[in-house]
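I opened the notebook today to go through one structure, starting with the ligand site. Here is what I looked up, in the order I did it.

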Amino acid sequence: MKTFIYPGSFDPVTNGHLDIILRAAALCDKLIVAVGDNVNKATTFSKQERIELLRTAIGDVSGITVEPLDGLLTDFAKKKNSKTIIKGLRALSDFEYEFQMALLNKILDSEIETLFMMTNVKYSYLSSSAVKELARNAGKIEGLVPESIRDRVLDKFKNCK
Ligand code: ADP
């Protein structure tokens, strides 16, 4: 049973994330999307909201679960019997941070492998921050986030005003 873990903040999930999720799920028996927090980024959506948005976006695709991530990713991986972390790469700008995290995780647990998946060229420019910037300014987010969560993302910013 091959289990991969795809960690991130998903604040909110975008079509770029979903593309990686579906492609990664096709390479393993079980994909766990692990929703955590990044100390450098305050999130707009609560962890529970981010999990719900991901679950709605993924729908009933089999072999994928969405779970909260608290604490160290390497501890989480061990608990889930996984030795494989999946990360998406958009541009060179992602590389330095991801490189550092992958090496750090390797030091924490030498059995863990981090695999990088290239972005789909259609989504190479897409980030959760870009979606939030557009949504906050009443811009169109069609095609950027899964259709099933679009209204909930827009509503969040309506309520903030
Ligand atoms: P961000 O806040 O930068 O969108 P997340 O922490 O939510 O980042 O991202 C989780 C993972 O998804 C990271 O490995 C990130 O590089 C990857 N990712 C984010 N957006 C895309 C995209 N458009 N295409 C491919 N990978 C992506």
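**Ligand shell**

I sorted the shell around the ligand by class and got six nonpolar, seven polar and five charged residues. A reminder to myself: this is a predicted model.

Which residues come nearest to the ligand? Of the 18 residues around it, I noted Tyr 6, Lys 41, Gly 88, Thr 119 and Tyr 123.

**Polar contacts**

Next I went through the oxygen atoms of the ligand. The side chain of Tyr 6 has an N or O atom 2.6 Å from a ligand oxygen. For Gly 88 the distance to a ligand oxygen is 2.6 Å too, but here the partner is a backbone N or O atom. I also found Arg 90, with a side-chain N or O atom 3.0 Å from an oxygen of the ligand.

Then I asked how much of the ligand the protein buries. Taken alone, the ligand exposes 540 Å², and the protein buries 91% of that.

**Pocket and elements**

Where does the ligand sit? I find it in the largest pocket. I then checked which elements give two or more residues to the shell around the ligand, and wrote down two strands, β1 (3-8) and β4 (84-89), and two helices, α1 (15-25) and α4 (92-108).

**Salt bridges**

I moved on to charged pairs. Side chains of opposite charge can pair when their charged atoms come close. My list for the structure has 18 salt bridges. I picked one of them to look at: Glu 49 with Lys 156, whose closest N and O atoms are 3.0 Å apart. Glu 49 belongs to helix α2 (residues 47-58) and Lys 156 to helix α6 (residues 150-160), so this pair ties together parts that are 107 residues apart in sequence.

**Backbone oddities**

Last, I went over the backbone. Most residues other than glycine have a negative phi, and most peptide bonds are trans. Phe 10 goes the other way, with a positive phi of about 50° although it is not a glycine. I located Phe 10 in the loop between β1 and α1.

Is the peptide bond from Asp 11 to Pro 12 cis or trans? I have it as cis, with omega near 0°. Pro 12 is also in the loop between β1 and α1.

Notes:
Residues numbered from 1 in each chain as written. Predicted model: local features only at pLDDT ≥ 70, side-chain atom pairs only at ≥ 80, totals over all residues. Heavy atoms only, no water. Near = heavy atom within 4 Å. Polar contact = N/O pair within 3.5 Å; in protein donor to acceptor, adjacent residues only side chain to side chain. Areas by Shrake-Rupley, 256 points an atom, 1.4 Å probe, with all protein chains shown as cover. 1 Å grid on protein atoms, 1.4 Å probe; cavity = no way out; pocket = protein on both sides within 12 Å on 5 of 7 lines; lining within 4 Å. Sits in = over half its atoms within 2 Å of the grid points. Helix = DSSP H or I, 4+ residues; strand = E, 2+ residues; numbered from the N terminus. Nonpolar A, V, L, I, M, F, W, Y, C, P; charged D, E, K, R; others polar. Salt bridge = Lys/Arg side-chain N within 4 Å of Asp/Glu carboxyl O.
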